[in-house]
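These are my notebook entries on a two-chain model. I record here what I looked up, entry by entry.

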Amino acid sequence: MNKIRMKKNINKTISLIILSFLALLAFIPLYWMVVTAFKEPSLTLKFPPEIFPKNPTLQNFESLFQRKEIFRWTLNSVIVAGTVTLTQILFCAMAGYAIAKKKFPGSQIFFWIYISSMMIPKQVTLVPLYIMVANLGMINTYWGLILPSIAAPFGVFLMRQFMLSLPNEILDAARIDGAGEFKTFRKIVLPMSKPALAVLGIFTFVGEWNSFLWPLIVTQTSEMKTLQAGLALIQEEVPMEYAYLMAGATYAAIPMVIVFLSFQKYFLRGVTVGAVK
Amino acid sequence: MTLLKKIWKNKSAYFFVLPHFSLFMIFFLIPVGWGMYLSLFDYSVFSQEFVGFENYKMLFQDKLFWKALGNTFLYTFGVVPLWLGKALLVTVLIYPFRKGIRTFFKSMFYLPHVSSTVIIAMIWLWVFNPNFGLLNYFMKSIGLDPVVWLGNAATAMPSLIIMQVIMGGGSTIVLLSAAMSSIPEYYFEAAELEGANSWQIFRKITLPLLKPTILYSLVMGTIANFQTFSNIYIMTQGGPEFSTLTVAYLVYETAFKNYYLGMASAMSMVMFVILVGLALIQFKWLSSNVEY
């Protein structure tokens with residue numbers, strides 16, 4: 001018995017070593033970003049580099065915030081990601097509920113259109129979408145940034161998968177009690193779907209905050225850029241000023257790290273809602 | 001008549017679908033169709049002329065397009081197996097630990113996932129810096145020569161692949177862990193009592209039962225990596241010597257730098273067809289002999 005125990009302990013130790021090594025590989029670059037951000041700019045050209053900074057400084061953040069556009073970009077990201085998230089939660093919950101729980105002519109067709117469109121690469125809609133948004137006069141506007149993102153199909157698929165698991169008895173009971181369709185949706189379906197709504201909301205917000213290709217194309221002036229597109233702009237302007245760049249990257253990453261840490265439970269359980277079958 | 005009646009009876013259901021579906025129609029479905037149509041036009045700043053399949057013909061004679069296609073396959077088939085392998089390894093290794101340790105590792109692997117591709121690309125541009133970067137410092141300290149990671153046509157693509165594998169996999173690990181914890185524990189216990197070793201347990205129990213999740217991750221991962229754009233845009237712009245030029249980046253350059261919109265649409269259609277083909281192959285390959 002003791003032998004088996006010892007073997008198990010050895011196995012666990014080896015597992016821990018491999019896991020720590022892999023986790024560290026991914027963590028070191030993030031650590032390096034933060035450390036560089038707090039370094040004196042001239043120290044980035046020092047060799048060998050300081051692994052633990054001796055004299056951390058806020059200098060890089062000060063010069064970053066002197067560039068007032070940074071706040072405008074942040075505001076744009078908040079507006080775009082926030083609007084897309086709230087609208088997606090509502091619209092996807094509605095569509096997902098109807099497709100999952102109502103047997104109406106065409107419900108299966110809707111489902112198949114949504115699920116198969118998830119396989120279509122972004123590049124396919126990119127050019128026509130650009131021409132369309134240009135014709136609608138929405139280039140370089142919030143509308144142009146927001147509307148195409150709300151149209152993304154994934155949320156409907158996610159909500160449909162979740163709504164399937166809602167017990168029919170409760171929905172039927174509400175109907176028998178004389179609650180109308182909208183009242184049932186508002187008073188029963190939405191409250192029961194809170195975990196799924198949270199997951200969809202968090203994922204949409206993080207995804208929109210981090211999205212790059214569409215904002216890059218649809219914005220033209222600096223004041224309409226989102227934070228990601230703005231960062232890319234800075235990267236092009238001063239590709240060698242690493243301390244400054246890492247301060248910018250740290251600044252843009254912090255909100256998402258906070259979101260992650262506060263909703264960790266949803267992230268770690270959430271990915272699985274709807275994914276398996 | 002009965003169909004119309006049925007539709008009328010369910011009018012509230014259509015009303016529920018309508019808000020999202022109308023936006024989806026305008027900003028997704030119509031653009032997809034329009035993209036197919038555009039790919040048949042010589043559509044640029046100066047002309048909008050119907051040319052039939054001329055764009056496709058030119059495309060398949062274009063060496064650069066073939067190069068980009070090759071690079072995209074190299075990147076996808078480099079990243080996806082390694083990244084999925086890493087995710088599987090981590091999933092199996094954390095399984096026996098108690099919940100706290102599992103959560104800790106899952107969080108660690110998920111963390112890079114909430115940072116944007118732009119941020120990750122900026123960090124690694126700094127890590128890869130030939131003179132002052134962290135990686136070459138490490139190379140020197142173990143006695144190896146420094147490498148110009150991204151400035152060399154032979155190492156640029158492998159560098160990008162390794163970076164992606166190191167940073168990626170977080171959400172797949174969470175997904176696979178959830179699937180694995182739904183496997184009844186006595187399966188493993190019984191196998192152990194029968195004297196099966198870890199590898200046999202993995203091959204005969206874990207892998208087959210995780211198959212649906214693996215298939216889902218494989219298809220989604222292939223689709224995502226086939227469209228790699230942001231890290232190319234920030235880090236290499238397709239160079240050096242076009243060694244990191246991906247189709248997604250070429251579409252961007254063709255459409256928004258050179259304004260050959262028809263040609264760019266044709267490229268994206270080729271991408272689409274290839275992805276559908278790959279997904280079908282993966283389904284065929286993996287969904288055979290899935291047993292429950």
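**Entry 1: a helix pair across the chains.** I first looked up how helix α5 of chain A (residues 122-135) lies against α2(B), bearing in mind that the model is predicted. The two helices pack at an angle of about 100 degrees, and their axes are 8 Å apart. Angles of 65 to 115 degrees count as roughly perpendicular, and α5(A) and α2(B) are therefore roughly perpendicular to each other. I then listed the residues that make the contact. From α5(A) they are Val124(A), Thr125(A), Val127(A), Pro128(A), Leu129(A) and Met132(A). From α2(B) they are Phe27(B), Phe28(B), Pro31(B), Val32(B), Trp34(B), Gly35(B) and Leu38(B). Sorted by character, the residues of this contact are 11 nonpolar and two polar, with no charged residue.

**Entry 2: the interface as a whole.** I next asked how many residues of each chain are in contact with the other chain. The count is 79 residues of chain B and 76 residues of chain A. Which element gives the largest share of the side of chain B that touches chain A? I found that helix α2 of chain B (residues 11-38) supplies it, with 17 residues. That side of chain B divides into 61 nonpolar, 15 polar and three charged residues.

**Entry 3: His20(B).** I chose one residue of α2(B) for a separate check, namely His20(B). Is His20(B) buried or exposed? His20(B) has 28 C-beta neighbours inside 10 Å, and 20 or more are needed for a residue to be buried, so His20(B) counts as buried. I also looked up the contacts of His20(B), leaving aside its neighbours within four places in sequence. They are Phe91(A), Cys92(A), Met94(A), Ala95(A) and Val156(A). As a further check I took the C-alpha to C-alpha distance from His20(B) to Tyr56(B), which is 34 Å for residues 36 apart in sequence.

**Entry 4: chain A.** I counted 14 helices and zero strands in chain A. The radius of gyration of chain A is 24 Å, whereas the globule rule gives 19 Å for 277 residues, so chain A is more spread out than a compact globule. The C-alpha trace of chain A spans about 75 × 75 × 35 Å along its principal axes. Buried residues account for 41% of the 277 residues. Of the contacts in chain A between residues at least 6 apart in sequence, 75% join residues at least 24 apart.

**Entry 5: the domains of chain A.** The domain assignment gives domain 1 (2-60) and domain 2 (68-270) in chain A. I read a separation of 33 Å between the centres of these two domains, taken over C-alpha atoms. Eight residues from domain 1 and eight residues from domain 2 take part in the contact. On the domain 1 side, helix α1 of chain A (residues 2-37) gives the largest share, four residues. That side divides into four nonpolar, three polar and one charged.

**Entry 6: chain B.** I counted 14 helices and two strands in chain B. Its radius of gyration is 24 Å, while a compact globule of 292 residues would have one near 19 Å. Along the principal axes, the C-alpha trace of chain B spans about 75 × 70 × 30 Å. I noted that 43% of the 292 residues of chain B count as buried. Among contacts in chain B with a separation of 6 or more, 69% are between residues 24 or more positions apart.

Technical notes: Residues numbered from 1 in each chain as written. Chains lettered and ligands numbered in written order. Predicted model: local features only at pLDDT ≥ 70, side-chain atom pairs only at ≥ 80, totals over all residues. Contact = placed C-beta atoms within 7 Å. Nonpolar A, V, L, I, M, F, W, Y, C, P; charged D, E, K, R; others polar. Axes fitted to C-alpha atoms, helices over the stretch in contact; angles between N-to-C directions. Parallel < 35°, antiparallel > 145°, perpendicular 65-115°, else oblique. Rg over C-alpha atoms; globule rule 2.2 N^0.38 Å. Buried ≥ 20, exposed ≤ 12 C-beta atoms within 10 Å, placed from the backbone. Domains from an automatic or database assignment.
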